[in-house]
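Biologist: Hello! I am new to this structure, so could you walk me through it with me asking as we go?

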Amino acid sequence: MSISLNTCILILKEHHLLKSSAVQDTVMTRMEYVSYDSRDIQTNTLFFCKGAGFRPTYLSMAKDNGANCYVAEQPYPEGKGMHALIVRDVSKAMALLSAAFFRFPQDDLYVVGITGTKGKTTTAYFLKGMLDQINGGKTALLSSVNNVVGQQPEDTFKSSLTTPESLDLFRDMRNAADNGMTHLVMEVSSQAYKKNRVFGLTYDLGFFLNITPDHIGPNEHPNFADYLHCKLQLLVNARKCIINAQTDRFSEVYAAATTTTEPNSIYLFADEQFANPELKETIDFRYAAQESDMVQTCFQVLCVSDKAKALEIAGNYRLKMLGDFNQSNGTAAIIGAGLAGMNHDDAARGIAAVTVPGRMQTEVTQEHGVVVVDYAHNEASMMALMGFMQREFDNPKIIVVVGAPGDKGESRRAGFSHSLNVYADKVFLTTDDPGFEDPKQIAEEINAGIDHSRVEVTFELDRAKAIHDAIVLAGKNDVVLICGKGEDNFQKIRGIDTPYLSDITVAQQAINELEGQDEHFKH
Ligand SMILES: CC(=O)N[C@H]1[C@@H](OP(=O)(O)OP(=O)(O)OC[C@H]2O[C@@H](n3ccc(=O)[nH]c3=O)[C@H](O)[C@@H]2O)O[C@H](CO)[C@@H](O)[C@@H]1O[C@H](C)C(=O)N[C@@H](C)C(=O)N[C@H](CCC(=O)O)C(=O)O
Ligand SMILES: Nc1ncnc2c1ncn2[C@@H]1O[C@H](COP(=O)(O)OP(=O)(O)OP(=O)(O)O)[C@@H](O)[C@H]1O
């Protein structure tokens with residue numbers, strides 16, 4: 001793959017991004033590799049100088065290693081002798097030039113984008129599970145857990161961001177298309193828009209699941225309005241939209257969709273019980289809970305409007321995953337599958353088999369209640385999780401193991417206290433990716449908001465011990481919720497990913513040890 005300097009100049013001019021250019025010999029010069037990292041350079045690389053942490057020495061290093069052209073927001077003496085493209089916004093330039101370098105892979109894939117504060121990963125996995133039924137497993141996935149760009153084992157790898165950097169995104173998409181993948185389901189974070197990682201990308205289908213305050217802080221969004229604005233951009237850039245009619249800020253969400261999409265291509269869904277007299281729009285799909293148990297969640301999807309009836313997805317569905325919120329995620333994904341041409345039977349078969357790593361992983365023990373490892377890590381998801389447990393188990397004692405991450409999402413700490421006050425009986429405050437902060441201090445901040453007349457608090461910063469102690473404490477009818485890390489097998493501590501066994505492994509070890517002991521005492 002390659003791109004000529006001339007093409008780069010044309011693209012940047014078309015988008016009013018080019019401030020100036022310095023061409024050393026001819027505009028027909030070609031760049032054969034693209035990178036934003038001086039440690040990853042090949043001969044004739046187009047190098048992007050971007051990011052808060054960029055240093056001019058990286059450009060020197062890139063030049064020495066073979067980069068022949070750089071893109072930056074200002075000229076650098078270190079780039080002397082290289083072609084230079086000086087632009088108004090390097091992150092936008094990088095997205096546009098990467099799309100061109102990788103030959104517009106979005107044109108070779110049916111691209112689905114999913115946004116929302118909660119449920120992106122789960123919905124993405126549900127949809128992939130269904131689409132794989134009709135395309136022979138050829139659904140690519142970009143999620144905050146795994147990325148999948150092909151059908152070979154090496155085509156699946158852990159992701160480092162929810163939505164990759166634009167250059168990585170278009171490379172992954174090109175690889176997916178070249179590997180024969182036909183569909184791409186991707187999570188789109190608000191940061192993806194904030195940082196222009198998906199600038200210029202149009203989705204065949206865009207989902208808006210929900211929005212609650214999150215990701216607001218020094219390294220993320222300055223305020224909720226900015227967070228909402230970034231999330232809305234997905235709908236502005238989607239040809240068809242699927243929107244949860246129960247989301248907060250519905251009227252703004254719907255209005256954003258209508259800026260580029262006819263109402264006839266906007267699909268709304270809600271719980272059967274949901275009624276909002278102020279809502280002028282017709283809800284196209286409803287879902288209704290059915291009798292579920294500890295192994296599966298059952299619900300029905302109803303096609304209400306004429307445009308909904310055109311899809312053949314009405315009927316009963318089963319999920320392997322617990323949580324009434326997963327009926328909402330599941331319905332969204334089923335509508336997406338319908339719009340991609342699937343019928344009820346294929347969709348029902350596909351979604352029934354899906355599990356999502358680290359989400360609602362449930363162990364039913366003999367003597368220590370139900371133990372759930374879940375990725376809930378903000379107020380909305382903690383409320384959804386604990387609320388579900390309370391309804392499902394008829395007011396069990398709820399024991400929670402939780403901590404809040406350092407260096408980001410500080411508002412989550414108060415959110416944890418609030419949700420614990422509503423539902424929890426006992427909490428073990430522990431460590432969760434403290435980064436450069438002191439985990440004890442983070443735990444103290446959560447503790448400060450806890451109503452101690454309702455919730456008993458234990459500080460146990462050793463996460464594995466906290467999980468162990470919570471399970472030991474739990475009685476037969478109790479629920480232990482281990483929140484926030486999903487299947488992460490590391491703790492981010494002072495810039496280092498420090499190995500950690502993973503919550504589910506620690507929980508299973510504790511359960512095995514205890515069930516063994518309990519058996520021993522019984523005999
Ligand atoms: C705030 C933010 O979005 N930062 C992201 C951004 O960093 P940046 O552009 O500022 O770059 P930087 O890390 O300061 O480094 C500067 C540049 O120097 C280069 N470099 C560095 C060292 C060297 O020797 N040579 C060299 O060339 C680097 O490759 C980089 O291009 O670009 C980097 C990739 O190029 C990302 O890894 C980084 O995400 C950070 C780690 C992060 O944690 N981001 C979070 C907030 C995030 O994006 N989260 C969302 C989910 C949250 C949500 O749901 O909204 C996500 O999509 O994952
Ligand atoms: N629709 C929903 N509403 C509220 N809570 C939900 C919903 N779906 C999932 N959750 C809760 O949120 C947790 C995270 O779910 P999931 O990973 O699917 O969301 P996400 O949007 O990808 O999250 P993140 O952006 O934090 O990675 C789940 O483990 C569950 O506790």
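**A tour of the model**

Modeller: Gladly! This is a predicted model, and the protein chain averages a pLDDT of 95, with 99% of the residues scoring at least 70.

Biologist: What ipTM does the predictor give the complex?

Modeller: The predictor scores the complex in two ways. The pTM is 0.92. The ipTM that you ask about is 0.96.

Biologist: What radius of gyration does the protein chain have, and what would a compact globule have?

Modeller: The C-alpha trace spans about 85 × 55 × 45 Å along its principal axes. With 523 residues, a compact globule would have a radius of gyration near 24 Å. The protein chain agrees with that, at 25 Å.

Biologist: How many helices and strands does the protein chain have?

Modeller: Let us count both kinds of element. The protein chain has 16 helices, and its strands number 26.

Biologist: Which domains does the domain assignment give?

Modeller: The assignment places domain 1 at residues 3-101. After that come domain 2 (105-352) and domain 3 (361-522).

Biologist: How many residues of domain 3 are in contact with domain 2?

Modeller: The centres of domain 2 and domain 3 are 28 Å apart, taken over C-alpha atoms. On the domain 2 side, 15 residues take part in the contact, and these divide into five nonpolar, six polar and four charged. On the domain 3 side, the number of residues is 13.

Biologist: Where does ligand 1 lie?

Modeller: There are 22 residues around ligand 1, and the closest are Gly 51, Gly 53, Leu 161, Thr 162 and Ser 189. By class, this shell has six nonpolar, ten polar and six charged residues. Both domain 1 and domain 2 give residues to the shell, so ligand 1 lies between domain 1 (3-101) and domain 2 (105-352).

Biologist: Which helix gives the largest share of the shell around ligand 1?

Modeller: The largest share is three residues. They come from residues 190-194, which form helix H6.

Biologist: Which residues does UniProt list under "binding site", and where is Thr 162 found?

Modeller: The unreviewed UniProt entry places this feature at Ser 38, Thr 162, Thr 163, Ser 189 and Arg 197. They are spread over 160 residues of sequence and also in space, up to 26.2 Å between C-alpha atoms. As for Thr 162, its place is the loop between strand S11 (156-158) and helix H5 (166-178).

Biologist: Why does ligand 2 lie between two domains, and which are they?

Modeller: Of the 22 residues around ligand 2, the nearest are Gly 119, Lys 120, Thr 121, Thr 122 and Ser 381. The shell has seven nonpolar, ten polar and five charged residues. Ligand 2 lies between two domains because both give residues to its shell: domain 2 (105-352) and domain 3 (361-522).

Biologist: Which helix gives the most to the shell around ligand 2?

Modeller: Helices H4 (120-135), H10 (325-339) and H12 (379-392) each supply at least two residues of this shell. The most, four residues, comes from H12.

Biologist: How far apart are the end C-alpha atoms of residues 114-335, and of residues 358-486?

Modeller: The unreviewed UniProt entry annotates residues 114-335 as "domain: Mur ligase central" and residues 358-486 as "domain: Mur ligase C-terminal". Residues 114-335 are 32% helix and 24% strand, with their end C-alpha atoms 13 Å apart. Residues 358-486 are 37% helix and 21% strand, and the separation of their end C-alpha atoms is 4 Å.

Terms used. Residues numbered from 1 in each chain as written. Chains lettered and ligands numbered in written order. Predicted model: local features only at pLDDT ≥ 70, side-chain atom pairs only at ≥ 80, totals over all residues. Domains from an automatic or database assignment. Contact = placed C-beta atoms within 7 Å. Nonpolar A, V, L, I, M, F, W, Y, C, P; charged D, E, K, R; others polar. Near = placed C-beta within 6 Å. UniProt positions renumbered as here; feature names shortened; annotations may be inferred. pLDDT = per-residue confidence, 0-100. Rg over C-alpha atoms; globule rule 2.2 N^0.38 Å.
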